[in-house]
Amino acid sequence: MGPAGRLLAAAALLSSLCLHGLLGNSGRALAHTGPVLHRVDHAEEDEDTGGFMPELSPTGSPQPFVPFLAPAPLAPFYNNTTPKLSGKCSLNFTAIDSLMTTTAVDCFALFAPFLANVICCPQLQATLTILIGQSSKQTGSLALDPTAANYCLSDVQQLLMSQGASDDLHSICSVHLSNATEGSCPVSSVDAFESVIDSSKLLEACRKVDPVNECCSKTCQNAINYAAQKISFKGAALTSSTGASKVDSCRNVVLRWLSSRLDPSPASKMLRQISNCNVNEVCPLSFPDTSKVAKECGGTVKNFTVCCEEMDSYVSHLQKQSFITNLQALDCASSLGNKLQKMNVSIDVYSTCQITLKDFSLQVGSQESGCLLPSMPSDASFDPSSGISFTCDLNDNIAAPWTSSLKPSASSCSRSPAPGPGPSIPERPSATSAQNGVSQNRLELSLVICLGTLLAALLLQV
């Protein structure tokens with residue numbers, strides 16, 4: 001076994017031993033010998049966001065979201081290096097210095113691949129949009145030319161790397177020139193934009209996005225799409241049609257204009273909230289071949305033990321991909337359920353094999369520590385003493401819903417807690433025994449080290 005293999009084995013063993021000791025089957029509160037790493041103000045969370053899972057049934061008592069801290073013991077929190085800038089980008093990075101720091105933490109090197117879909121990439125895209133939007137107040141342009149865009153995208157990468165972000169963000173988040181240029185949109189100047197669009201009406205629709213209802217009401221999103229379609233036709237014949245790529249390019253221009261009319265922090269919040277609607281509508285996981293599960297669990301099941309062993313083995317592959325949100329987990333459970341039913345698996349393997357929603361997200365050593373991210377936009381945070389932290393819902397021991405038909409999963413806007421036929425949507429999760437009596441929501445420093453070690457080990461496999 002080579003050095004990498006020995007390190008991987010040691011990391012896995014260390015993580016298993018640590019987590020077994022800290023999250024044992026007794027479910028008792030963690031010993032309070034370590035420092036308090038983070039506390040959650042639940043009243044403030046509820047006031048700001050209306051709850052992390054407003055779409056789900058509120059019949060269960062809302063329980064704390066536990067801070068999930070996992071710094072990397074094998075890498076520094078901060079690179080603290082001097083960025084190598086091109087000197088040929090006119091964007092004002094200083095004007096959004098705080099936002100750049102937030103993005104660097106959200107895309108911290110070790111965690112970026114695992115937080116890409118929910119936290120890192122949405123925040124990176126928002127940052128690029130705001131940078132260009134803010135610069136338009138001086139340049140009058142809502143897009144960069146391709147040459148300038150190349151330099152600026154490189155400088156953004158360098159600046160974020162100097163604060164600890166991954167050096168592979170362009171690949172992880174699929175950043176292209178179109179993220180900074182006009183693409184195929186015929187309108188890129190502020191004057192041309194405002195001559196076509198009712199800017200006051202657009203700004204009013206998106207100035208303050210409702211964090212709970214926007215994904216269903218689409219007040220801001222519809223205003224953005226209408227503006228994008230309208231400017232995409234500028235200069236074209238009234239009877240001509242426009243392609244989706246052209247409208248997408250114009251949508252980027254609309255978002256930059258909105259970002260120029262808001263301060264960076266409110267603009268980032270607005271962009272994250274509307275992108276969040278798309279994030280939660282799609283399962284980001286890739287499903288490997290299900291033939292082995294179908295063989296043991298399909299038709300008349302002869303051996304339920306073997307069936308569940310195959311199911312557990314299959315789910316273990318899903319658990320190595322990324323952290324996902326509560327609502328994404330619902331979509332993933334539905335997608336896999338439909339896939340299995342099409343392969344003649346008729347029994348509810350989720351219930352039979354005790355598969356819960358958190359089984360679809362990245363695990364950190366044991367079932368008890370499975371992590372689902374909030375369905376509302378969230379950021380990671382950095383503290384010099386405790387490292388990088390992000391919020392996990394550890395109170396989500398709810399069964400994955402097994403659909404009763406081959407119909408696609410329902411949109412979160414149409415999900416209802418009312419009884420009746422069709423998929424059963426789980427209630428808001430209540431506290432598990434591990435959280436009962438933990439009044440200060442403390443996590444041990446040793447748990448922090450274990451989690452970071454395991455994630456470092458996972459990266460060695462990639």
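The chain has an accessible surface of about 21200 Å², worked out by the Shrake-Rupley method with a 1.4 Å probe, where for residues only the protein chains shown count as cover. Carbon and sulfur atoms account for 52% of that surface. Keep in mind that this is a predicted model, where local features need pLDDT of at least 70, side-chain atom pairs count only at pLDDT 80 or more, and totals for chains, interfaces and linings use all residues. Residues are numbered from 1 along each chain as its sequence is written, and side-chain values use heavy atoms, with hydrogens and water left out.

**Overall build**
- The chain holds 17 helices and five strands; these are DSSP runs (helices H or I, at least four residues; strands E, at least two), numbered from the N terminus.
- Of the 462 residues, 50% are buried, where buried means under 20% relative accessible area, exposed over 50% and partly exposed in between (1.4 Å probe, protein chains only).
- Take the contacts (heavy atoms within 4.5 Å) between residues at least 6 apart in sequence: 83% of them join residues at least 24 apart.

**Helix α10**
- Helix α10 covers residues 219–232, 14 in number, and its first and last C-alpha lie 20 Å apart, close to the 20 Å expected at 1.5 Å a residue; the expected span is 1.5 Å times one less than the number of residues.
- Its buried residues are Cys220, Gln221, Ala223, Ile224, Ala227, Ala228, Ile231 and Ser232.
- They sit on the same side of α10 because they cover an arc of only 165 degrees around the axis, taken from the directions from the helix axis to the C-beta atoms.
- That buried set packs against α7 (190–196), α8 (199–206), α9 (214–217), α11 (244–260) and α12 (264–281).

**Disulfides**
- There are 10 disulfides, counting any pair of cysteine sulfur atoms within 2.5 Å.
- Cys89 and Cys152 are one such pair, S to S 2.0 Å, and with a torsion of about 105 degrees about the S-S bond, the disulfide is right-handed.
- This pair ties together distant parts of the chain, 63 residues apart: Cys89 is in the loop between β1 (66–69) and α3 (97–106), Cys152 in helix α5 (residues 146–161).
- Both Cys89 and Cys152 are buried.
- Cys185 pairs with Cys250, S to S 2.2 Å, and this link is right-handed too, with 100 degrees about the S-S bond.
- Here Cys185 comes from the loop between α6 (169–172) and α7, and Cys250 from helix α11, 65 residues away.
- Cys185 is buried at 2% relative accessible area, and Cys250 is buried at 0%.
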